[in-house]
Amino acid sequence: MSLFSLRPAKRPLRRVVLLGATSAIAEQVARRLVAQGASLYCVGRQPQKLDALLDDLNVRAGSAQRIDGSCADLTDSARHAELIDAAEQHLGGIDAVLIAHGTLPDQQACSADANTALEQINTNALSVISLLTHLANRLEQQQHGVIAVIGSVAGDRGRQSNYVYGAAKGMVAIFLQGLRNRLAGANVAVVTIKPGFVDTPMTAGLNKGGPLWATPERVAQGIVRAMHKGANVVYLPWFWRPIMLIIKHIPEALFKRMSL
Amino acid sequence: MTPLSWNRLPKVTPNATYALTQRGAGVPDRLPRPLLAHGNGRSYGDVCLTEHGTLLLTRGLDRFIEFDPERGILRCEAGATLADVLALTVPQGWFLPCTPGTRWATVGGAVANDVHGKNHHVAGSFGHHVRHLTLWRSDGSVIHCGPSDPGGWFAATVGGLGLTGLIQQVELQLMPIHNPWLNMASWRFTNLDAFWPLNREAEANWPYTVAWIDCLARGSAQGRGILMAGQHAPAQARLPNFKESRKRMPIDPPFSLVNGISLRAFNALYYRQPTHPAGTLSHYVPFFYPLDAIQHWNRIYGRRGFYQYQCVIPPEAAESATAELLNAIARRRQGSFLAVLKTFGHAPAAGMLSFARPGTTLALDFPNRGRATQSLLADLDTIVSQAGGALYPAKDARMPAALFQSGFPQWEAFSEFIDPGFSSRFWQRVTP
């Protein structure tokens, strides 16, 4: 903090790795970062989507910015180290990482079949924990950086309508708490992002509209701001914080009878 | 939430909506047909609506594909808005060579309605600046076409109201500018007779011209108004600062705030605004898009919505028919807030169903007062039809089929190009 400013300095986001970059929220984050002058390394699963994203970002970027990426299925944790190496090489260093990949599972399918449930836990939690372990060690060594992960308000409390997704997001949130604690002395910020309902293709099956739904643009704006600040836990939009505070404090005896 | 068009009329619900996010991915077979693309809902009426089948929401297709800053050629997905394009290209010295009065329309919508701007007399319509289109057909094929396409797909799709298939990509030729500003001038004219010579002179000297008319004024003041003209400012202009004002219409009143009293007051004040015969500088945003400054301005017309009415009258009949139209409106005291008068140039139409053609165009809007409004519009139809004119499909929710067919004589030839898996409420209304 400078002597003359009450605000802590913004953390630089000049070289950023986006994992799950073709998700609707990550794509908006990418546009915002590129507009601020960042170089990006984007990892996505589908080659056509990734190419479309990279073309678009290249049109937006200035001549000194580097926009690159590669195609990978992030549930394959054997490739994680190699991917992070490639990103570091392309960017010439890493200032920040956003982990944005994930799926919204059908709870009924997960309830019916244990393998489906485990697959979802693998996609939404275990693959994230693997990536985080690799990234934490590198950023800790370089003594600066931002690690941001898109979680969900669903991870704050288990509900019958999507507790497999909620459990995965909750696991990641607790892992991030520990990581934040570990890296606090290493000048590495660990940002847990908890969006509410966002109008994206992932939520195509839901009935949308109404005041609780946010656009990916709005959520992306909040994510970039939180990453610059090095915030800890961010609800997006902000009103989910009081909503989840109430939901978390409903006594279990009552909660278990509610249809949520 | 059911998608609407900008005038919020008619309110119809499709069987399904489907948000497109990936260009080239096509549309799943399970979705009910017919299909119709719906961009940012900036057209008025029902060219972007359907009561059957599936509305394809195209705003997720908003990526840039390639931009050549040397030549000003941009390729993008069709769901990008004109605002998206301008934000990218204006700082690099390129402007849309043709722009409608809102920058929230999508590029695909601008093509499908072959929109025009204040510079039609020198630049033609939007379709004249499209170099290439990618069209997805419901049989899974993809058609690539440009202005020299011998198959006719290009001429059918430009102004084709989204009926020839889904426009996925558009390549545009932009025009060079030196900065985001315009030299503009404005003059007050005391009645319609004074407008014509003033307008002729302005058109000979300026690339952009448009007039606002006080359509409540009667007698010797009938057709009084303000003529505005502009040109892109030179490189060495001394430019002021510009900060865009962002206001929004926060509520959705149950009735229209545009009524006899508010209109009379507005028009009287607007007519007396200071004019700039000697010229001044204006940033491109307020010059081209004055209404974009108020988000949701369409709410001022209340929940019942409003009708736009835009006609074009051939040159021979323009002066007399325009006077008759203003007479009819003033007689019924249903004045319009935004009465806009402009003459088109002689560029041959870019599309088979293009609206812009030689003549004078008058654009009006009226709060929806049910029968009273319908019967006024029917009176206006008679005048337009007798003068050999046409109405603008992009701004129509009610024109009779006969008026469409007489105004767009190529409609039958056009219908050969319609994708059998596509339709709109508009098309079902104006054709057998």
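Helices and strands are runs assigned by DSSP, with at least four residues for a helix and at least two for a strand, and they are numbered from the N terminus. With that in hand, let's work through some exercises on this predicted model.

## Exercise 1: Two unusual backbone angles in chain B

Find where D114(B) and H296(B) sit, and work out what sets their phi angles apart.

**Solution.**

- Step 1. Place D114(B): this residue lies in the loop between α2 (107–112) and α3 (120–123) of chain B.
- Step 2. Read its phi, which is near 35°, a positive value in a residue that is not glycine.
- Step 3. Turn to H296(B), found in the loop between β17 and β18 of chain B. Its phi is also positive, at about 60°, and H296(B) is not a glycine.
- Step 4. Put this in context: most residues other than glycine have a negative phi.
- Step 5. Check accessibility. The cut-off for buried is under 20% relative accessible area, and partly exposed runs from there to 50%. D114(B), at 0%, therefore counts as buried. H296(B), at 27%, is therefore partly exposed.

## Exercise 2: Cis peptide bonds

Locate the peptide bonds leading into P10(B) and P34(B), and state their geometry.

**Solution.**

- Step 1. P10(B) belongs to the segment before β1 (16–19) of chain B. The bond from L9(B) to P10(B) is cis, and its omega is near -10°.
- Step 2. P34(B) is in the loop between β1 and β2 (35–38) of chain B. The bond from R33(B) to P34(B) is cis, with omega near 0°.
- Step 3. For background, most peptide bonds are trans.

## Exercise 3: Helix packing around α5 of chain A

Describe how α5(A) packs with α6(A), and then how α3(A) and α5(A) cross.

**Solution.**

- Step 1. Start with α5(A), residues 114–142, and α6(A), residues 163–183: their axes are 8 Å apart and the angle is about 10°.
- Step 2. Classify the angle. Values under 35 degrees count as roughly parallel, so α5(A) and α6(A) are roughly parallel to each other. Their crossing is right-handed.
- Step 3. Look at the residues in this contact: 18 are nonpolar, four are polar and three are charged.
- Step 4. Move to α3(A), residues 80–91. Its axis comes within 10 Å of that of α5(A), and the two cross at roughly 45°. The pair is therefore oblique, and this crossing is right-handed.
- Step 5. Name some partners. On the α3(A) side they include H80(A), I84(A) and E88(A), and on the α5(A) side they include S127(A), L131(A) and R138(A). By class, the contact of α3(A) with α5(A) has four nonpolar, four polar and three charged residues.

## Exercise 4: One residue within α5(A)

Decide whether N122(A) is buried, partly exposed or exposed, and list what it touches.

**Solution.**

- Step 1. N122(A) is in helix α5 of chain A.
- Step 2. Its relative accessible area is 28%, so N122(A) is partly exposed.
- Step 3. Setting aside neighbours within four places in sequence, N122(A) contacts T75(A) and S127(A).
- Step 4. For a distance to try in your viewer, the C-alpha atoms of N122(A) and G102(A) are 9.8 Å apart, with their positions 20 residues apart along the chain.

## Exercise 5: Buried aromatic and histidine side chains in chain B

Map the surroundings of H232(B), H129(B) and W297(B).

**Solution.**

- Step 1. H232(B) is in strand β14 (residues 225–232) of chain B. Its relative accessibility is 18%, so H232(B) counts as buried.
- Step 2. Find its polar partner: the side chains of H232(B) and Y208(B) make a polar contact at 2.8 Å. Beyond four places in sequence, residues touching H232(B) include F95(B), M175(B), W181(B) and F288(B).
- Step 3. H129(B) lies in the loop between α3 and β8 (130–136) of chain B. With a relative accessible area of 17%, H129(B) is buried. Among its contacts beyond four places are P97(B), C98(B) and E171(B).
- Step 4. W297(B) is in the loop between β17 (294–295) and β18 (306–313) of chain B. At 8% relative accessibility, W297(B) counts as buried.
- Step 5. W297(B) touches several residues more than four places away, including W6(B), Y44(B), F306(B) and D365(B). By contrast, F126(B) lies 171 residues from W297(B) along the chain, and their C-alpha atoms are separated by 25 Å.

Notes. Residues numbered from 1 in each chain as written. Chains lettered and ligands numbered in written order. Predicted model: local features only at pLDDT ≥ 70, side-chain atom pairs only at ≥ 80, totals over all residues. Heavy atoms only, no water. Axes fitted to C-alpha atoms, helices over the stretch in contact; angles between N-to-C directions. Parallel < 35°, antiparallel > 145°, perpendicular 65-115°, else oblique. Left-handed = near helix turned anticlockwise from the far one by under 90°. Nonpolar A, V, L, I, M, F, W, Y, C, P; charged D, E, K, R; others polar. Buried < 20%, exposed > 50% of the residue type's maximum accessible area, 1.4 Å probe, protein only. Polar contact = N/O pair within 3.5 Å; in protein donor to acceptor, adjacent residues only side chain to side chain. Contact = heavy atoms within 4.5 Å.
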